[in-house]
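Hi everyone, thanks for making time. Could you pull up the structure on your screens, so we can walk through it together?

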Amino acid sequence: MDLDALTGCLASSACLVTQTTSGFIIGMLLFLVAVGLTLIFGVLKVVNFSHGAFYMFGAYFAMTAYQYTGSFALAMLCGAAGTALLGLIFERVFMSRVYGSDVLMQLLVCYAFVLIFDDVVRMIWGPEFKSMGMPAAFQVAPLFIAGGVVPPYYLLLIGVALVAAVILGLGLARTRIGKVIRAAAHNPGMVSALGINTGLIYGGVFALGGMLAGLAGALAAPVRSLTPGMGFSVLIESFIVTVIGGMGSILGALIGAILIGMIRSFGSLGFPLFTEGLMYLFMVIVLVSRPTGLFGKEVA
């Protein structure tokens with residue numbers, strides 16, 4: 001425990017800006033993964049334990065696309081679109097067969113594919129660590145805000161994640177397809193009776209969740225090392241985010257992700273040997289005081 005380092009950082013505007021930015025970076029990446037996870041659970045009632053693999057594939061797809069095209073915009077598009085297609089195929093061929101099954105069966109299927117996907121990545125890209133590198137457009141001098149150093153790429157990452165949050169929130173609340181998705185989450189039988197193809201909705205939601213996780217992986221590729229199995233740690237933290245925010249809540253996923261990001265960023269200063277424990281401790285405190293999460297709703 002190093003409370004002097006923590007209090008010293010809080011008293012320094014430069015350190016405060018740097019650590020806050022770092023917390024937002026962690027939080028925004030977690031949000032993109034967690035919001036897909038919570039969306040799939042909210043509509044399909046499936047705990048997608050293989051969700052971290054889509055984050056991993058998004059990073060590898062983006063790295064490969066960037067190596068061939070040199071365009072980071074195309075790399076992000078390939079990372080998101082590739083994982084959306086992968087998610088759709090995975091849902092239609094495998095997950096659709098275990099809807100309504102025991103939760104243990106669903107978890108076994110998902111965990112099996114975690115191992116399969118990791119081996120697929122090893123076969124295609126190799127087992128060693130890889131790095132995409134910072135895109136040339138962002139190899140520029142950092143910004144200085146109140147003495148703190150903020151790389152321009154961090155602002156892009158935060159901005160893309162916030163735009164995705166706004167589009168997703170407005171899309172589900174204001175558009176017809178969003179209303180159909182929310183109706184399918186609450187009463188799929190009634191939606192099906194109205195002549196709407198619920199299978200198509202489920203496939204689309206799963207693809208959307210995969211796309212968001214893939215987008216997170218593509219955004220993380222320039223600043224993270226790529227390795228088979230890299231999705232597992234982000235999956236665990238994403239579960240923590242969804243539990244804290246409330247399963248099925250997009251706003252809860254955003255707030256929960258930001259809180260976890262700040263805990264990791266500032267906790268690494270004051271509690272360097274207990275940073276992981278701080279996240280779980282915070283989750284326990286939230287669940288004890290509010291079992292449904294910060295923005296979760298009681299089930300009638």
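I'll go through the cysteines, then the salt bridges, and then a few residues worth a look. Keep in mind that this is a predicted model.

Okay, cysteines. How many disulfides does the count come to? The count is 1 disulfide. The partners are Cys-9 and Cys-15, and their sulfur atoms sit 2.0 Å apart. That passes the cut-off, because a disulfide here is a pair of cysteine sulfur atoms within 2.5 Å. If you look along the S-S bond of Cys-9 and Cys-15, the torsion is about -100°, so this disulfide is left-handed.

Now, are the two partners buried or exposed? Cys-9 is buried, with a relative accessible area of 2%. Cys-15 counts as partly exposed, at 24% relative accessibility. Quick reminder on the words: buried means under 20%, and exposed means over 50%, with partly exposed in between. While we're on cysteines, click on Cys-78 and Cys-110 too. Cys-78 is partly exposed, at 37%, and Cys-110 is buried, at 0%.

Next up, charges. Side chains of opposite charge can pair when their charged atoms come close. In this model, the count comes to 5 salt bridges, and I'll show you some of them.

Let's go to helix H5, which covers residues 103–125. Here Asp-119 forms a salt bridge with Arg-122, and the closest N and O atoms are 3.0 Å apart. Both residues lie in helix H5, 3 residues apart, and that's about one turn of the helix. Asp-119 is partly exposed, with a relative accessible area of 41%. Arg-122 is partly exposed as well, at 37%.

Stay in helix H5, because there's a puzzle here: why does Asp-118 have no salt bridge, with Arg-122 as the nearest side chain of opposite charge? Look at the distance: Arg-122 is 5.0 Å away from Asp-118. A salt bridge needs a side-chain nitrogen of Lys or Arg within 4 Å of a carboxyl oxygen of Asp or Glu, so this pair doesn't make the cut. And Asp-118 is buried. What is Asp-118 in contact with, leaving aside its neighbours within four places in sequence? The answer is Met-56, Pro-228 and Gly-229.

Now swing over to Arg-264. The side chains of Arg-264 and Glu-237 meet in a salt bridge, at 3.0 Å from N to O. This pair links distant parts of the chain: Arg-264 is in helix H11 and Glu-237 is in helix H10, residues 231–245, with their positions 27 residues apart. Glu-237 is buried, at 12% relative accessible area, while Arg-264 is partly exposed, at 23%.

Arg-264 also has a salt bridge with Glu-276, at 2.9 Å from N to O. Again the pair links distant parts of the chain, since Glu-276 is in helix H12, residues 275–289, and Arg-264 is in helix H11, 12 residues apart. Glu-276 counts as partly exposed, at 41%. Put the two pairs together, and shared partners join Glu-237, Arg-264 and Glu-276 into one network.

Helix H11, residues 250–270, also holds Met-262. Met-262 is buried, with a relative accessible area of 18%. Here's a nice one to find on screen: Met-262 and Thr-21 are 241 residues apart along the chain, yet their C-alpha atoms are separated by 9.0 Å. Leaving aside neighbours within four places in sequence, Met-262 is in contact with Thr-20, Gly-23, Phe-24 and Gly-267.

On to the surface. Leu-85, Leu-88, Ile-89, Val-93 and Phe-94 form a nonpolar patch there, with about 410 Å² of accessible area together. Take Leu-88 from that group: its place is in helix H4, residues 72–93, and Leu-88 counts as partly exposed, at 34%.

Last stop, backbone angles. Lys-45 has a positive phi of about 60°, although it is not a glycine. You'll find Lys-45 in the loop between helix H2 (13–44) and helix H3 (51–69), where it is partly exposed, at 46%. Ala-146 is another residue other than glycine with a positive phi, near 55°. Its place is in the loop between strand S1 (143–145) and strand S2 (148–150).

That's my tour, so grab the mouse and have a look around.

Methods: Residues are numbered from 1 along each chain as its sequence is written. This is a predicted model: local features need pLDDT of at least 70, side-chain atom pairs count only at pLDDT 80 or more; totals for chains, interfaces and linings use all residues. Side-chain values use heavy atoms; hydrogens and water are left out. Buried means under 20% relative accessible area, exposed over 50%, partly exposed in between (1.4 Å probe, protein chains only). Patches are made of residues with over 30% relative accessible area and no salt bridge: like charges are joined within 9 Å, nonpolar side chains (Val, Leu, Ile, Met, Phe, Trp, Tyr) within 5 Å. Accessible areas come from the Shrake-Rupley method with a 1.4 Å probe; for residues, only the protein chains shown count as cover. Helices (H or I, at least four residues) and strands (E, at least two) are DSSP runs, numbered from the N terminus. Lys and Arg count as positive and Asp and Glu as negative; His and the chain ends are not counted. Contact means heavy atoms within 4.5 Å.
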